[in-house]
Amino acid sequence: HNLWVQNVEGYYGSVLLLVGEEIHNVSRHPSASHLLVYSAEQELAPYAFASTQMLLQKAKECEGICFIAHPTERNHAQGSTISGAPWTDWPVEGITGLELWNYTSEFKDLLWGALPAAFYTHFPSWGMRGPRKTTLRLWDELLNKGQHLAALGNADAQPLHYRIGGQEAYLSYVYLFRCVNTHILTNGPLTGDLSQDKQLLYEALWAGRTWVGYDLPHSTRGFSFTARSGSARATVGEELKRLGAVTLEVKLPAKGEIRLLRNGKLIRRASDTELHYTSAEAGVYRVEVTRRFRGLRVGWIFSSPIYIS
């Protein structure tokens with residue numbers, strides 16, 4: 001938070017580490033409007049003191065990629081150390097997308113008392129269901145206003161301990177990194193070269209070629225969502241100009257409950273590994289998938305939209 005760390009980017013074994021920054025006005029109480037900034041390559045936190053729009057403008061000048069963090073987060077149990085930080089600075093311009101699912105933020109929603117805190121600290125997956133409905137509604141509302149906004153998912157891994165009625169609650173890094181992730185479709189395979197791979201990843205992130213995957217129940221690698229019209233083809237984050245009817249296709253790495261939405265409204269559902277749909281209508285199309293996990297139906301995949309005109 002509010003610190004751009006230098007001289008640590010690179011490959012650590014098979015893991016590529018790139019540095020971003022979560023920025024907000026630290027003098028503001030209660031805390032609000034946290035912005036995730038990638039690829040800016042400089043410290044931007046001081047600009048948050050002027051205004052959020054000033055911060056976004058400076059990030060744009062630095063070719064930064066900006067996502068709103070936990071946009072509908074709320075405050076939690078009284079007498080606890082847990083506080084929320086929703087996004088409150090509307091309207092907003094210059095963002096790439098929204099953080100749809102923040103795993104640690106959702107975990108905090110479960111800590112409404114000492115007993116649930118004790119239980120969910122040891123069995124967090126029993127309470128995790130998916131992104132907040134308020135966040136999904138906000139996303140659709142902004143998309144319907146013509147904004148192009150990609151989906152982002154995060155562990156929000158932090159060495160923080162929350163105290164509720166004397167009960168301490170926390171999640172480990174090892175556990176969190178197995179849960180909610182952002183999957184990115186690059187224009188080519190990673191090469192092992194920091195500079196080249198950094199460009200590949202940030203180009204895909206900026207374009208919104210992403211989906212949010214809850215990889216604990218089952219890996220979401222292999223998911224695809226595409227649209228075809230004549231010889232034109234598009235995938236998540238991309239635009240498609242109709243040359244007639246449009247065929248949309250969803251493929252999953254395992255069976256799930258697939259929901260295809262246009263402009264935020266459900267238009268087709270399938271319980272399978274695939275869904276096919278043909279339409280002549282323009283609109284913003286996106287996919288949600290749920291899956292059974294430990295006896296519960298949980299959110300599994302949330303795609304960035306395909307924009308059809």
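1. A quick word on classes before we start: Ala, Val, Leu, Ile, Met, Phe, Trp, Tyr, Cys and Pro count as nonpolar, Asp, Glu, Lys and Arg as charged, and the others, Gly among them, as polar. This is a predicted model, with local features needing pLDDT of at least 70 and side-chain atom pairs pLDDT 80 or more, while totals for chains, interfaces and linings use all residues. Numbering runs from 1 along each chain as its sequence is written, and side-chain values use heavy atoms, without hydrogens and water.

2. On to the cavities (sets of points on a 1 Å grid over the protein atoms alone where a 1.4 Å probe fits but cannot get out; lining residues have an atom within 4 Å of a point). Three of them reach 30 Å³ or more, and the largest has a volume of about 70 Å³ (the space filled by probe spheres set on points joined across faces, edges and corners).

3. The lining of the largest cavity divides into four nonpolar, five polar and three charged residues. Among them are His70, Trp101, Glu106 and Arg132. β6 gives the most, with four residues (strands are DSSP E runs of at least two residues, helices H or I runs of at least four, numbered from the N terminus).

4. Now the packing. The largest nonpolar core (buried Ala, Val, Leu, Ile, Met, Phe, Trp, Tyr and Cys joined through side-chain atoms within 4.5 Å; buried is under 20% relative accessible area with a 1.4 Å probe, protein chains only) has 72 residues. Strand β15 (residues 246–262) gives the most to this core, with seven residues.

5. Tyr103, Tyr214 and Phe225 have the most contacts inside the largest core. Beyond four places in sequence, Tyr214 is in contact (heavy atoms within 4.5 Å) with residues including Trp101, Tyr103 and Trp300.

Definitions and conventions: On a 1 Å grid over the protein atoms alone, a cavity is a set of points where a 1.4 Å probe fits but cannot get out, and a pocket is an open set with protein on both sides within 12 Å along at least five of seven lines; lining residues have an atom within 4 Å of a point. Buried means under 20% relative accessible area, exposed over 50%, partly exposed in between (1.4 Å probe, protein chains only).
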